[in-house]
Amino acid sequence: MDSNPFADPRASNPFADPSVQQATGAGNASQRQGLLDDYNPFADGNQTRPGQGAGIPPPRPAQTTQPAIMTPSEEPPPPYSAAGAQRVDTSELQRRQEELEKKAAELQRKEQALKQVQGGARQNNFPPVPKFCPVGPCFYQDFSVDIPLEFQRIVKFVFFLWGAHVVVLFLNIWASLAYFIVDGDGGTTFGLSILWFVLFTPCSFVCWYRPLYKAFRSDSSFNFFVFFFVFFFQFCVNIIQCLGLTGFTVGIISGFGVVGHNLAAGLFMIFVGIFFALEAIISFAVLVKVHRIYRSTGASFQKAQQEFAQGVMRNETVQTAAADAAASAARGAVSGSYGSNNRY
């Protein structure tokens, strides 16, 4: 046999342990029954739980899980500070302030000019001559004051065209001088070139630039008609001067005739003729442009006649002459009636 005859017969029995027998004894059964009778699951703060008797450890509380909170992917903004809020780039504000100051100065200048116009005290400023010159400016012009904003560009362009016309007339003198040096028959052409420069420089300003300026300044149909008539004549003269047909001016044709004798003089004459041709083309384009603007303003020939009649009647010289004529007619009528009465 494998069993040990000398071993304790209770060593192999697990229920022979005194602690196990105490837990499963009759006294322990009555104690557990009393604990179950005293347990009320609906009472708040009940400290008696099943199984919490003597020798039985309380149950371990369940481990609470942390609520799911999304972690922001970006760092939170820095805390608000008054110093950081006031830190603004002032360069843009300074630039706007400078623009406003310039506009305010421009408006003030325009107001002063308008006050001078209304009071009749504006001073002439063109041509700009030095103060020591005995002859002062003869005209007053200010595009920003007199000319409406939508017409300032075309009026300024015509003013620059007049300046270019003066420059071409001055070059025509030197080309005519070169022609006179190469060919003795060019003396008449040289003399006339000086006359054209002296005569056409002020006449072109007074006869077609100033009428255009006054036409846009006061919406005058009469001045528009004066500009159209004189400027078309100027266009025809430019064509004649660019060709050089008559012998009274240098141009392209006369320049080709001189190239065989003197290349430099001939080329100079051709270049001046080309300048006259460019001026003629630009003059025609300006003429068409101004005519379109004139038609869009509602002007007409009848309005020009009315303005001419009103202008003539407002002229002091015309009024004086009309008064003298009326007085003479009245005196003649009175003297005639008095003589007829004496005969009777």
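In this predicted model, the side chain of S176 reaches the backbone oxygen of N172 at a distance of 2.8 Å. S176 belongs to helix 6. Its relative accessibility is 0%, so S176 counts as buried, the cut-off for that class being under 20%. Setting aside neighbours within four places in sequence, the residues in contact with S176 are G186, T189, F190, S193 and V250.

From this one residue the view can widen to the whole chain. The secondary structure of the protein chain amounts to 12 helices and 0 strands. Read along the sequence, the pattern is therefore α-α-α-α-α-α-α-α-α-α-α-α. The chain has 344 residues, and 25% of them count as buried. Its exposed surface comes to about 24800 Å², of which carbon and sulfur atoms supply 62%. Where contacts join residues at least 6 apart in sequence, 58% of them link residues at least 24 apart.

The buried part of the chain includes nonpolar cores. The largest of these has 27 residues, and the members that touch the most others are Y209, F216, F227 and V290. Several helices contribute to this core: helix 6 (152-182), helix 7 (187-218), helix 8 (221-243) and helix 10 (263-296) each supply at least two of its residues. Apart from this core lies another, of 14 residues, which includes V168, Y179, V250 and F276. V250, one of the residues of that second core, is also in contact with S176.

Within the largest core, F216 can be followed through its contacts. Which residues does F216 touch when its neighbours within four places in sequence are left aside? They are I147, P148, F151, I154, V155, F224, V290 and I293. V290 thus appears twice in this account: V290 is in contact with F216, and V290 is itself among the core residues that touch the most other members.

A separate theme is charge. Side chains of opposite charge can pair when their charged atoms come close. How many salt bridges does a search of the whole structure find? The search finds 3. E92, R95, R96 and E99 are linked in a network of such bridges.

The network can be taken one pair at a time. The side chains of R95 and E92 meet with a nitrogen-to-oxygen distance of 2.4 Å. Both residues lie in helix 4 (residues 91-119), 3 residues apart, which is about one turn of the helix. E92 also forms a salt bridge with R96, at 3.4 Å from N to O. These two residues are 4 apart in helix 4, so about one helical turn separates E92 from R96. R95, in turn, is joined to E99 by a salt bridge of 2.7 Å, N to O. E99 and R95 are likewise 4 residues apart in helix 4, so about one helical turn lies between them.

What of the exposure of these four residues? R95 has a relative accessible area of 38% and is partly exposed. For E92 the value is 34%, so E92 is partly exposed. E99 is partly exposed at 36%, and R96, at 49% relative accessibility, counts as partly exposed. By contrast, S176 in helix 6 is buried at 0%.

Definitions and conventions
Residues are numbered from 1 along each chain as its sequence is written. This is a predicted model: local features need pLDDT of at least 70, side-chain atom pairs count only at pLDDT 80 or more; totals for chains, interfaces and linings use all residues. Side-chain values use heavy atoms; hydrogens and water are left out. A nonpolar core is a set of buried Ala, Val, Leu, Ile, Met, Phe, Trp, Tyr and Cys residues joined through side-chain atoms within 4.5 Å. Buried means under 20% relative accessible area, exposed over 50%, partly exposed in between (1.4 Å probe, protein chains only). Contact means heavy atoms within 4.5 Å. A polar contact is a pair of N or O atoms within 3.5 Å; within protein, one must be able to donate a hydrogen and the other to accept it, and residues adjacent in sequence count only if both atoms are side-chain atoms. A salt bridge is a side-chain nitrogen of Lys or Arg within 4 Å of a carboxyl oxygen of Asp or Glu. Accessible areas come from the Shrake-Rupley method with a 1.4 Å probe; for residues, only the protein chains shown count as cover.
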